[in-house]
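Reader: I would like a close look at a single part of this model, with the terms spelled out.

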Amino acid sequence: MRGKHIIVAVSAGIAAYKAIEVVSRLRKKGAEVKVVMTQNATHIASPLTFGEISGHPVALDMFEQVHQWDVEHIALATWADAYVVVPATANVIGKIYAGIADDMLTTTIMATTAPKYLCPAMNTEMYNNLITQRNLEGLRSLGYHIMDPAEGWLACGITGVGRLPEPEAIVDWLEAKMCSTNELEGTTILVTAGGTQESIDPVRYIGNRSSGKMGYAIAEQAARMGAKVILVSAPTSLPIPNGVDFISVDSAVSMQEAVEARYNDVNVVIMAAAVSDFRVLHKVEQKIKKMESMTIELVKNPDILQGLGSKKSHQILVGFAAETEHVIKYGQDKVAKKNLDMLVANDVSKSNAGFNVDTNEGYFLYPDKEPKEMPNMKKSDLARHILREVIDLVANRADIN
């Protein structure tokens with residue numbers, strides 16, 4: 001998003017205040033943002049706040065003094081790389097589809113050739129109204145990108161569809177739409193994520209410290225790069241990335257079953273999940289009551305990655321290794337033992353890498369070339385580097401075949 005010019009247009013929905021955080025998050029991602037508001041929207045959210053957050057004056061009045069002798073609505077329209085309406089009310093959606101241009105918002109969106117994104121928010125009955133649905137479908141047919149509204153408690157006092165999604169979700173959706181490429185088009189990638197949980201009884205389990213952030217970042221980036229993505233995930237608190245086929249599992253055995261069932265149909269497998277090495281031999285069906293001590297017998301879980309490597313045919317197989325010492329040596333042994341095309345090995349003893357943090361670092365290890373060191377970076381950035389390597393591996397496999 002860095003360097004992108006984005007117009008955030010705010011219409012008079014009660015959720016207009018959420019657009020303030022949308023502007024803030026876009027700026028934090030490096031975008032330059034200018035805000036357009038309808039006059040009625042100023043009764044809900046302050047232009048002063050938007051001006052401070054965006055760093056630019058807010059465009060409100062068609063007849064304000066023009067800047068640098070430019071006609072302002074045309075200058076804004078040509079400046080924009082993207083035009084997003086947050087929230088998009090039923091009224092403004094109808095005006096845009098009808099071609100009405102009677103204020104700064106509707107005039108600039110008609111004048112711009114930039115991609116257009118609408119985030120509808122309104123009462124449930126207004127959203128479900130056949131006229132609104134006709135307008136939305138009509139705008140989709142004209143190339144507008146429309147985000148589905150969320151369901152939840154609405155300002156009108158009812159629960160239903162029509163709620164504006166949270167700002168983080170809006171920005172993620174916008175980024176996915178704006179920054180998508182076709183580099184992995186035609187490639188099916190299966191990604192595993194999260195930490196598996198091995199049940200002791202109905203309320204307790206053996207697990208690990210994995211947050212799932214690395215796997216989810218890879219799945220999200222792969223979808224943006226045009227791949228068909230299957231995300232097999234153990235329990236996490238993360239939102240499901242846009243554009244992925246999501247499969248929920250819990251234990252190592254259930255993850256193995258989900259992965260192996262789809263293995264023959266994918267081109268690439270990236271095993272970013274932290275799979276428990278052991279499971280409880282005898283799971284208790286009722287909650288175990290408190291006692292002074294307890295002994296639990298464990299048995300070894302299947303090594304999913306090694307199993308995939310043993311029957312690999314056309315697939316590119318990428319693994320992860322979390323180590324606390326001898327990272328390269330131990331990692332290189334796993335590359336050979338598990339028949340991997342690539343291993344991402346990191347030192348999870350570091351406070352800024354590995355589990356439950358937003359950054360990671362480590363080494364890319366291969367069966368036939370020197371390790372490549374990756375400095376500390378955001379997991380989203382590391383995901384891009386991993387997928388660049390995957391693109392090269394896929395290309396090399398195609399050349400060999």
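What is the volume of the second largest pocket?

Author: The model is predicted, so local features need pLDDT of at least 70 and side-chain atom pairs count only at pLDDT 80 or more, while totals for chains, interfaces and linings use all residues. Residues are numbered from 1 along each chain as its sequence is written, and side-chain values use heavy atoms, without hydrogens and water.

The second largest pocket (an open set of points on a 1 Å grid over the protein atoms alone where a 1.4 Å probe fits, with protein on both sides within 12 Å along at least five of seven lines) has a volume (the space filled by probe spheres set on the points, joined across faces, edges and corners) of about 920 Å³. Its lining (residues with an atom within 4 Å of a point) consists of 37 residues. Nearest the centre of this pocket lie A273, A274, V275, F320 and A322.

Two or more lining residues come from each of α9, α11 (304-310), β16 (316-323), α12 (327-337) and β17 (342-347); these are DSSP runs numbered from the N terminus, helices being H or I of at least four residues and strands E of at least two. α12 gives the largest share, 4 residues. By class, the lining holds 16 nonpolar, 12 polar and 9 charged residues (Ala, Val, Leu, Ile, Met, Phe, Trp, Tyr, Cys and Pro are nonpolar, Asp, Glu, Lys and Arg charged, the others polar).

α9 (213-224) also contributes to the lining of the largest pocket, where its 6 residues are the largest share. That pocket holds about 1400 Å³ of space.
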